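Please take me through this model in the viewer. For each stop, tell me what to select and what is found there.

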Amino acid sequence: MTENKKALNIRKRILELLLFFKDRFDLHEGKEDELETIDYIRKNIEFKGANLWILIFAIFVASVGLNVNSTAVIIGAMLISPLMGPIMGIGLAAGINDFELLKKSMKNLGIAVLISILTSTIYFSFTPLDDAQSELLARTEPSIWDVLIALFGGLAGIVAGSRKEKSNAIPGVAIATALMPPLCTAGYGLATANLYYFFGAFYLFFINSVFISLSTYLIVRFMNFPKKEFMDRKREKTVKTYITIFTLLTIIPSIYLAYAIVKRTIWEKSANQFVATELEFPRTQVISSNLLYDSDSAVIDISLIGERITDEEISILQRKLGAFNLDKTYLNIKQSGDSGTDLNILRSDILKDLYERNELQIQDKDRRIALLERELEEYGRSNSQVMDIAREAKINHQSLETFSMNRAISANLQANKQDTVLMAYAKFRQQPSRLELQKFEEWLKLRTKADSLTLIIN
């Protein structure tokens, strides 16, 4: 009897725990009416009038941000971009079997993509800054992290869009999924006739769009949004068939592409680990490493400088590739003494390495110089003010005989920090009253605009 009671208590606690988690993770609580959510997404699909102009302006802003390598400007462009609308519309249409909405969403997405690439191409064709900055280069090749961001960002977007009270999650999704920069980068690729940049950036945009649509489709199905009803059963069956074919044609290639990205990401990680672990020699240094991945074969291209390593050592390194799951990878090593090695490339790699190592030190020195210049400027300004301030003070305090002023470093031992304080010394012929000293100190603070001031009276 006691054992049965214990078993019942355990079941009760498990049931309470399950109910607790169900209540915490219930998506239906606070949910907007499904028809209202469908109408909300439907309104953001159309690209015409103000919506289209906002897209064009956002593309210009994002292009400028990529051009000058400003993360803040790029984030601002993503916030005002209306690109999420038709992408979520595609997922919604597939989830509720609305073929007309699907066609409308795809049409508007196509218009948005065409306008975006055309706008960015025009900008990058005329801008005097034609160098590819790091923010732009980061959008030329998708990684597994881009896939995950698009998937979970899309889930957050449709969940936030289905709430009665719209939160700041939707602008956050626009920033996280970063739909604008890849289209701008594709425009840069066209403007500079660099098809590698164009296709790489467009591939990234495609991956983001597909997984945002997929996440919208999954949430719409999970939350049982009402499907579109048809009077004609034959028409309904035809639409469902089209929707199913479209969904499969979208999901299957995207899963394959995501799998290929995962494989490449894992290979790159293993290759970098191999270079960092195995290519360490006492008198030889790795100048550059270039990773060239292909599904059938891959190459790790290494340039070395210093004491030559032997062919036997290279063979040992080639055999070690298997230990890092790099079986189909070829190790190509170029050494400074090889006839096939381009010495100009090695020299440029060395200079690049030296520049990158010293760039932070140069920036730090520039900051210190600027700080010292400001301090010298303040010191000179304080010195030039002393005589003027002393003469003005003499007008109000006739017994003032000597006045000096300078900046000093104050050490706060309790807080373990130091600060700059303005020190003022005043000598009076007759001892002034407390009220007069208080007025003098207040006037001095106002006159010098000092944050902190210490007045010494003699």
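The tour below has three stops in a predicted model.

**Stop one: a nonpolar surface patch**

Select Ile54, Val61, Ile75, Leu79 and Ile80, which make a nonpolar surface patch of about 370 Å². Then add helix H3 (50–68) and helix H4 (71–80), since each of them supplies at least two residues of the patch. H4 gives the largest share, three residues. Now pick isoleucine 54, which is found in helix H3. Its relative accessibility is 38%, so isoleucine 54 counts as partly exposed, the range for that label being between 20% and 50%.

**Stop two: an open sheet**

Move on to strands S1, S2 and S3, which form an open sheet in the order S1-S2-S3 with mixed pairing. Strand S1 (284–292) and strand S3 (329–335) stand at the edges with a single partner strand each, so one side of each has no neighbour in the sheet. On average, neighbouring strands of this sheet are turned by 20° against each other, direction ignored. Select strand S2 (residues 298–306) together with S3: the two run parallel and are joined by seven bridges. Within this pair, isoleucine 302 stands opposite isoleucine 333 in S3.

**Stop three: a β-α-β unit**

Select S5, helix H15 (residues 434–448) and S6, which make a right-handed β-α-β unit. Hide the helix to look at the strands: strand S5 (residues 417–428) and strand S6 (residues 453–457) run parallel, with five bridges joining them. To end, label alanine 426 and isoleucine 457; the latter, in S6, is the bridge partner of alanine 426.

Note on methods. Residues are numbered from 1 along each chain as its sequence is written. This is a predicted model: local features need pLDDT of at least 70, side-chain atom pairs count only at pLDDT 80 or more; totals for chains, interfaces and linings use all residues. Side-chain values use heavy atoms; hydrogens and water are left out. Two strands pair if DSSP finds at least two bridges between them. Helices (H or I, at least four residues) and strands (E, at least two) are DSSP runs, numbered from the N terminus. A crossover is right-handed if, with the strands pointing away from the viewer, the path from the first strand over the helix to the second runs clockwise. Axes are lines fitted to C-alpha atoms, for helices over the stretch in contact, and angles run from 0 to 180 degrees between N-to-C directions. Patches are made of residues with over 30% relative accessible area and no salt bridge: like charges are joined within 9 Å, nonpolar side chains (Val, Leu, Ile, Met, Phe, Trp, Tyr) within 5 Å. Accessible areas come from the Shrake-Rupley method with a 1.4 Å probe; for residues, only the protein chains shown count as cover. A salt bridge is a side-chain nitrogen of Lys or Arg within 4 Å of a carboxyl oxygen of Asp or Glu. Buried means under 20% relative accessible area, exposed over 50%, partly exposed in between (1.4 Å probe, protein chains only).
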